[in-house]
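These are my notebook entries on a structure that I looked up residue by residue. I set down each point in the order in which I examined it.

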Amino acid sequence: MAEITDADTDDADALVEMWLSLADGQRKYGSHIPPESNRTPIRESILRHITTNRLLLARDDQLLGFVMFSLERGDFEQDATRGIVENLYVRPEFRGDGLGSQLLASAEQRLHDRGADTIALNVMADNEDARRFYRDHGYTPHRLEVEKSLDLD
């Protein structure tokens, strides 16, 4: 059984590789984030998340998955404190074993403990498996982002 724990800076290299896999997998759903050219920024982000206790791991004798989360900070005052699940990833060979659910529930609890009233996340519109996963965990559409290519040729 996997254990959900806080990440440590010793985990950073493995987490970067997992994030690169996540970003690479999202490319087939239209993500504009090229993995490799974002290696340095995601490493810096991962280290910030680790040092501020905003990154949890699923592990047994190896790293199985992770979740990154934060409280929303914006320019406008809001009538709710929103937690944001920024990245959730489980290695493909361990999907379907409940690890994603454990990671999500742990992040939700941490965000609740930090004052979040509601939790938001982004999911690629064409990633039906991810959309179903979040729907099964009580997430419903709140805002819809639309996009148009400006390739006018």
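**Entry 1: an aromatic cluster.** I began with Y134 in this predicted model. Its relative accessibility is 10%, so I recorded Y134 as buried, the cut-off being under 20%. I then turned to Y139, which has a relative accessible area of 15% and is therefore buried by that cut-off. Y134 and Y139 form an aromatic pair, with 5.8 Å from centre to centre and 75° between the planes. I entered this pair as edge-to-face, because the angle between the planes is over 60 degrees. I also noted that F133, Y134 and Y139 make up one aromatic cluster.

**Entry 2: a pair between strands.** How many aromatic pairs does the structure hold? I found three. One of the aromatic pairs is formed by F66 and Y89, whose ring centres are 6.1 Å apart. The planes of F66 and Y89 stand at 40°, so I classed the pair as tilted. Where do F66 and Y89 lie? I located F66 in strand β3 (residues 63-71) and Y89 in strand β4 (residues 82-90). The pair therefore ties together parts that are 23 residues apart in sequence. I checked the accessibility of each residue as well. F66 is buried, at 0% relative accessibility, and Y89 is buried too, with a relative accessible area of 6%.

**Entry 3: two helices.** I next examined how helix α1 (residues 12-27) packs with helix α2 (residues 39-51). Their axes are 9 Å apart, and the angle is about 125°. That angle makes α1 oblique to α2, because it falls between the range for roughly perpendicular, 65 to 115 degrees, and the range for roughly antiparallel, over 145. I recorded the crossing of α1 past α2 as right-handed. Which residues meet at this contact? From α1 I listed A12, D13, L15, V16, E17, W19 and L20. From α2 I listed R39, I42, R43, I46, L47 and I50. Sorted by type, the residues of the contact of α1 with α2 are nine nonpolar, no polar and four charged.

**Entry 4: a threonine in a strand.** Finally, I looked up T5, which I found in strand β1 (residues 3-6). Is T5 buried or exposed? T5 has a relative accessible area of 18%, so I entered it as buried, since the value is under 20%. I then listed its contacts, leaving aside neighbours within four places in sequence. T5 is in contact with L55, L56, L57 and R59.

Conventions:
Residues numbered from 1 in each chain as written. Predicted model: local features only at pLDDT ≥ 70, side-chain atom pairs only at ≥ 80, totals over all residues. Heavy atoms only, no water. Axes fitted to C-alpha atoms, helices over the stretch in contact; angles between N-to-C directions. Helix = DSSP H or I, 4+ residues; strand = E, 2+ residues; numbered from the N terminus. Parallel < 35°, antiparallel > 145°, perpendicular 65-115°, else oblique. Left-handed = near helix turned anticlockwise from the far one by under 90°. Contact = heavy atoms within 4.5 Å. Nonpolar A, V, L, I, M, F, W, Y, C, P; charged D, E, K, R; others polar. Phe/Tyr/Trp six-rings, centres within 6.5 Å; stacked < 30°, edge-to-face > 60°. Buried < 20%, exposed > 50% of the residue type's maximum accessible area, 1.4 Å probe, protein only.
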